[in-house]
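Student: I am new to this structure and would like a close look at one part of it. Please choose a single residue, say where it sits, and then work outwards from there.

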Amino acid sequence: MLIVAGVFVAILLGMIVNSPSVLIYDEHFYVKGAHLLERGASFRDLVLAPLETAAGPLYPIIHWLVAPIIGLDAPGIRWLNPVLMAISALSLSYALKCWGKPDPWARAAMIFAVPIMWVTVGMALTEVPAFCFMSMSVAFAAWAMSATPERRLRLWAGFALSGICFGVAVLGRQTYLPAVCGFLAIAAFAPPLRWAALAGAVAAVAVPLPVFLLWGGLVEPDQRFVGGLDLGHGALAFCYLAVVFLILAPRFYLARWKWALAAGAVGALASFLWGGLDFQVAAGLASRLPPLAARLFQAGISAILVGGCAALVLASGVNMWLNRNDRIFILLMLLTLGLTATAVANVFQFSSRYLMTAFPFALLAVQPYFRPSLWAAARLAFGAAIGCVLLLGYYTYK
């Protein structure tokens, strides 16, 4: 598995080296804040500037800090995210080791089987910095939770550092904020960890709080018009999560596979008869097909996604019931599902990148159903290959 991951990481780095020498997609929106800091703007100026993005200030600050090394122009600016992804993989591996999982590196390497990771890592986008700090938050929490009773300093230091990293992640993507309930759940159901976990929760809120106070809300004032809910976007996020779970750990669906299969079939048939989702999935690919083929492709892929969503919801409920005594699994599943649901708040448009908010929790949640093997390596190669194609599509999009 590590060999397969290494091969695809080398391919990713090669793609970045040969990526366009101009900013593409949303890169030019996000880099404006870094340019503002480069011109001498204060932190307050950055936070209150109308930058046409709802994301917090983490991205521009990090890029401003590393600009002397990689610059703010393409393709150099794209080198930060691969470094942060490497730190994320290291953090996840350490968390898995703390929780007693064998072959933690092979398990963490499956993050490269998630196709959307390739898009977010291969371009200078905002998701990876936030994901990196959230991964470090999980690693520090795992370090704290594995402390022996006599090592109280490690317990408190671990949760404090976890809370700080959590707060920094929220400054990158505010949709992580609901996951602060994870600290509260640990405090409620693990009495020996209660006060340290509550300290972590306080730190997690305290870090982004000054920015929220300056904004007078969770996004900068210029972005208030984006308010509201879109249930369709939330449903589509769960459809994508179903596919990701199928790549990461197909056994997740097997506990009551007949029920999951039936739910998926009903959902897929209903979607196909309805004509598919109201908006295009994989629009770039569909645009290259003849009209009839594009319509059939849209209806077919919509049926697969909706069917997968139905199967995921049923399998999640079944697995949480069957593993109701495994509190870490229950917590990780609730965080995964809850953060996936935050896509309903993105009413302007839908992007598969919104699913990034569910990570790293989704990767950790499927671990009871995952085993490193040749079959897992094949799935890693399959998902990574899809990621390569998606990233290439962004690089060549006109």
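Tutor: Take Glu 127, which lies in helix α9. The model is a predicted one, and the description below should be read with that in mind. The relative accessible area of Glu 127 is 2%, so the residue counts as buried, the cut-off being under 20%. Apart from its neighbours within four places in sequence, Glu 127 is in contact with four residues: Thr 120, Arg 173, Arg 353 and Met 356.

The next step outwards is the core. The largest nonpolar core holds 118 residues, and those that touch the most other members are Met 117, Phe 131, Phe 159, Phe 245, Leu 248, Phe 252 and Phe 359. The element that gives the most to this core is helix α9, which spans residues 127-145 and supplies 11 residues. There is also a second core, separate from this one and made of five residues, among them Leu 36, Leu 37, Leu 46 and Leu 51.

Phe 245, from the largest core, can be followed further. With neighbours within four places in sequence set aside, its contacts are Pro 250, Phe 252, Tyr 253, Leu 312, Met 333, Thr 336, Ala 362 and Val 366.

Now consider how two of the helices pack. Helix α1 covers residues 2-17 and helix α8 covers residues 115-122; their axes come within 11 Å and cross at roughly 35°. The crossing of α1 past α8 is right-handed. On the α1 side the contact is made by Phe 8, Leu 12 and Ile 16, and on the α8 side by Trp 118, Val 121 and Gly 122. Sorted by class, five residues of this contact are nonpolar, one is polar and none is charged.

Two of those residues bring in the aromatic rings. A pair of aromatic rings is described by the distance of the centres and the angle of the planes. The count for this model comes to 10 aromatic pairs. In one of them, the ring centres of Phe 8 and Trp 118 are 6.1 Å apart and the planes stand at 90°; the cut-off for edge-to-face is over 60 degrees, so this pair is edge-to-face. Because Phe 8 belongs to helix α1 and Trp 118 to helix α8, the pair ties together parts that are 110 residues apart in sequence. Phe 8 has a relative accessible area of 14% and is buried. Trp 118, at 1% relative accessibility, is buried too.

Another pair has a different arrangement: Phe 212 and Trp 215 have ring centres 6.2 Å apart and planes at 35°, so the pair is tilted. These two residues are three apart in helix α13 (residues 209-215), which means that about one helical turn separates them. Both Phe 212 and Trp 215 are buried. Ring pairs also form a cluster, linking Phe 245, Phe 252, Tyr 253, Phe 329 and Tyr 369.

Some features of the backbone are worth marking. The peptide bond from Ala 74 to Pro 75 is cis, with omega near 0°, and Pro 75 sits in the loop between α5 (58-70) and α6 (80-98). A cis bond also runs from Phe 359 to Pro 360, here with omega near 15°. Pro 360 is in the loop between α18 (327-341) and α19 (361-365).

Positive phi values come next. Tyr 25, a residue other than glycine, has a positive phi near 50°. Its place is the loop between α1 and α2 (27-30), and its relative accessible area of 33% makes it partly exposed. For Asp 103, phi is likewise positive and near 50°. Asp 103 is in the loop between α6 and α7 (104-109), and at 46% relative accessibility it counts as partly exposed.

Further along the chain, Ala 385 lies in helix α20 (residues 374-396). Ala 385 is partly exposed, with a relative accessible area of 34%. Although Ala 385 and Ala 113 are 272 residues apart in sequence, their C-alpha atoms are 8.4 Å apart in space.

Last, the protein as a whole. It has 20 helices and zero strands. Of its 398 residues, 52% are buried, and Glu 127 is one of the buried residues. Among contacts with a separation of 6 or more, 77% are between residues 24 or more positions apart.

Terms used:
Residues numbered from 1 in each chain as written. Predicted model: local features only at pLDDT ≥ 70, side-chain atom pairs only at ≥ 80, totals over all residues. Heavy atoms only, no water. Core = buried A, V, L, I, M, F, W, Y, C linked by side-chain atoms within 4.5 Å. Buried < 20%, exposed > 50% of the residue type's maximum accessible area, 1.4 Å probe, protein only. Helix = DSSP H or I, 4+ residues; strand = E, 2+ residues; numbered from the N terminus. Contact = heavy atoms within 4.5 Å. Axes fitted to C-alpha atoms, helices over the stretch in contact; angles between N-to-C directions. Left-handed = near helix turned anticlockwise from the far one by under 90°. Nonpolar A, V, L, I, M, F, W, Y, C, P; charged D, E, K, R; others polar. Phe/Tyr/Trp six-rings, centres within 6.5 Å; stacked < 30°, edge-to-face > 60°.
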